[in-house]
Every structure is written in structure tokens, then in C-alpha cells.
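Biologist: I am new to this structure and would love a close look at one part of it. Could you take me through the main core and the pieces packed around it?

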Amino acid sequence: MKRRVVITGIGPITCMGTGRAAFWEGIRAGRSGISRITTFDTSAIKAHCGGEIRDWDPTRFFPPHRLKRLDRYAQFAVASALLALEDSGLPWSREQPTHRVGVSFGTALGGIANAESEHQLFLKKGSRGVNPTLALQVFGGSAHSNIAIECGFRGPGTTNSNSCASGVVSVGEALRYIRDGMADVFVAGGAEAPLSPLTFGAFDFIKTMSRWAGDPPFACKPFDLERDGFVMGEGAASLIVEEYEHARARGARIYAEVLGYSLNNEAYHMTTPLPGGEAVIVCMQDALADAQIPPESVDYINAHASGTQLNDSNECQAIKAVFGPHASRLAVSGTKAYTAHPLGATGAMETAICALAIHEGFIPPTLHHKTSDPACDLDVVPNIGREQPVRFAMNNAFGFGGINSVLVLGRVD
């Protein structure tokens, strides 16, 4: 029999709440964290809204000597891991390392924004103006490496860079490692700190981001007929993913079980989804097969729902193809209007939402849904969440390059 894998800790750092309790309170309250960008001037581009974390205080988590070696991206990653560990009650010690705990993380861009700012210093002052630890900060693997160093985790360590699918991939790979007996516990999640002029502008140049000029929270409108693109954000989320018997033996609180995972590529285009959604359909079907549950058992889908015209409509059609008549009875919400879209971190945030939806019996709504789109004719839980038992939930995450990843979670009775 396969080893069972469960989620026992949740540590989000988002623009609408930090820590499991504040994050979930924000979800229940329908509070969006999207605002106008303030950290740099957006007047030269057409996108102006984002998910900034304005109250970030890294000294809450790190002493000064550690901060010198951690850029904003790595700070988010390590701090979210510490929050998840605290939430889980799992003991750890840097002084007494363990080989049975691993780290699986995801990011789209890693430390690129920090490299961008350091390059400006380089142009002004030459090499002497650059942070001497820059080489240790810019690579994506600094996330899992710094978590391992901070906590003494000597098990498998990896950071994937599968675009906006990265956070889900990190949890899925942790599932595989634990199933195969290579570890008993994983810190799995994603982190992103992309809010800098060139990085933000590059996404605006390819016309993927919302150019909404009204009240900032309404820039992100998943499934709405008037949606015009995604809203970039920053932050992180970590989950403690643990072998079931290991969790039971220490009396851990279990949020949900990780039952199934799949990952594929459309082999079609870097930004445009494959017409007809064949690869997305196969990805959802494979995740259900891995979970060994039929489509009609799923109660809730946290959709990728980035707020772009093509992606949202294609995802809805793929859901209908996979779930058939059951699709009309499914609750399908897009939650990026809460957190914005922190690229590689988003899938981990939305996995946390699925786990909490199962644990709390509450389905979060799709915020800011005003005008129905005939191409998105599913129950998108518009504007108001629902108190409803959730037995099985699916989390979809799709990224540039045609990368698709899907998780299936279930309740543990």
C-alpha cells in the first residue's frame, strides 16, 4: 500500500494576511489585499495594481546577521516555513539536524527583483556598490537551501521553477518523496518577490496583466466577462506535508490528505493555452486517477482562474469535459482576487485554501464577480462564500510554457 500523506501545518505570507489564522480570517471576510503599487513608479507602463505586502517586518523572524544574506524572496520563503512549522507543532532543531525531513519549494523568478536593484547600484558605484552576498541570493534554490540551513533539514531538497505551476508542483513532489519512503516530512511551498520596475514591466509589455484604472481590488476579476488580465503579487506559503502515521503518532492536527498529483506540458505555446484544453483535461484526469477517486466525488475546485480571457474560459471548458454532468454541481472558485497572483507562490497559497476549505467546511467565493461570462458557465461561487462540507477538493495551477499541475486533497475522518 502507498504511504498516506497529510497536511499538518500552514504558513502563508500574503498581501491580505500573514499566518494561518489571519489568512483564513481574510478569506472568510472576503478581504482583498490588492492595492495600487507604491514601491516604484508605474507611470511609464499601463498596469498599476498589485498585491504588495506593505507591513513586512523581517526582523520579526531574522537577526541582523541573517538578513544580510537573505533577499526579500528568501525572507518570504524561510519565514513562511517557520510559520508553518509553528502551526504544525513539529519539533525541529538546527543544532540537531534530521535526515528524514526535506524541503520542496517553487518559484517562477527567484531573486530576479533583487538582482535588478543590485544592477542599478552596480551602474552607479561599480562592483563595490553591490551586496557581496548577491551571488548567494539571486538563484532560485536559495529558498529551499536557506530553509534547510535555518531548520537543520538534511532530507531531499529542491526548488522547481515551473512558472505559475511551481507551488503546486512543490507539494506534488513532496507527496512523491514521502510515498517512496525517502522522507517522513516535507516543508513544501512557494515564494515570490517580483514587484520591481523591470520585472513588473516585462509582464505588462506582453499584455498579460490587468490595466484596470478603477478601485484597485477590482482589478482582479476571475471568470467575469470584463476581466482583462492577472494582477501580480508577492509573498509565500509553506505547508508541512507529513506521512500519515508519523503525524498520528505525534498527535498532529490534520487539515487534509494529499491524495493525487499530476504534471504535464501542452507543448504548444509559451503564453497561449492549447485550444480545446486537451492537456489540462488529461492533467485533471491523471490527478483523479492518482487519487483513486471518481470525478463525481469532488466537491470543490480552486481553479487557476488568473483573470485572463483565454485561460479562464479554457479552464471552464476543460472542467466540463472532465466532470461531465457533475460539473454543474461543482463549486469552482478563483481566489486570486484575495492574494493577487504571486506567480510561483500562488499554487501553494491555493493549496492552503483547499486544505482549510476541507478542514473548516467553507468554500471561498470568487470575489468581484459582476457580469457572467457565457464561456465560464459554472458555479463560480460569486462574491459570497458558502458553509458547506468539502470531502474532496482539486487545485489547478497552470503556467507559462504550457505547464499544467493539479492536486487532489481529501478530508481525513
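Modeller: Happy to; here is a walk through the core, followed by the helices and strands that I would look at alongside it. Please keep in mind that this is a predicted model.

Let us begin with the core itself. In soluble globular proteins, nonpolar side chains tend to be buried together. Here the largest nonpolar core has 54 residues, and V241 and Y300 are those with the most contacts inside it. Helix α13, spanning residues 346-360, supplies the largest share of this core, with nine residues. To get a feel for the surroundings, try centring your view on V241. Leaving aside residues up to four places away in sequence, V241 touches V5, V6 and V171, as well as A174, I178, D184, V185, F186 and A188. Another core lies apart from the one just described; it has 33 residues, including F76, L83, L85 and V103.

Now follow helix α13 to one of its partners. The axis of α13 and that of helix α7 (residues 166-179) come within 5 Å and cross at roughly 65°. On the α7 side, the contact is made by G167, V168 and V171, while α13 brings G347, A348 and T351. Sorted by class, this contact has three nonpolar residues, three polar ones and no charged ones. V171 may look familiar, since V241 touches V171 too.

Helix α13 also meets α1, a helix made of residues 20-29, where F23, W24, G26 and I27 are buried. Looking down the axis of α1, you will find its buried residues within an arc of 155°, so they line one face of the helix. Those buried residues pack against α13, and also against β1 (5-14), β2 (17-18), α12 (336-339) and β12 (362-363). Just after α1 comes G30, which takes a positive phi of about 70°.

From β1 you can step across to strand β9, which covers residues 256-265. Eight of the ten residues of β9 are buried, so this strand is largely enclosed by the rest of the structure. β1 and β9 pair in the antiparallel sense over two bridges, and I7 stands opposite A256 in β9. β9 also pairs with strand β15 (residues 403-410), again in the antiparallel sense, over eight bridges. If you want to find that pairing on screen, look for N264, whose bridge partner in β15 is N404.

Technical notes. Residues numbered from 1 in each chain as written. Predicted model: local features only at pLDDT ≥ 70, side-chain atom pairs only at ≥ 80, totals over all residues. Heavy atoms only, no water. Core = buried A, V, L, I, M, F, W, Y, C linked by side-chain atoms within 4.5 Å. Buried < 20%, exposed > 50% of the residue type's maximum accessible area, 1.4 Å probe, protein only. Helix = DSSP H or I, 4+ residues; strand = E, 2+ residues; numbered from the N terminus. Contact = heavy atoms within 4.5 Å. Arc of directions from axis to C-beta. Axes fitted to C-alpha atoms, helices over the stretch in contact; angles between N-to-C directions. Nonpolar A, V, L, I, M, F, W, Y, C, P; charged D, E, K, R; others polar. Pairing = 2+ DSSP bridges.
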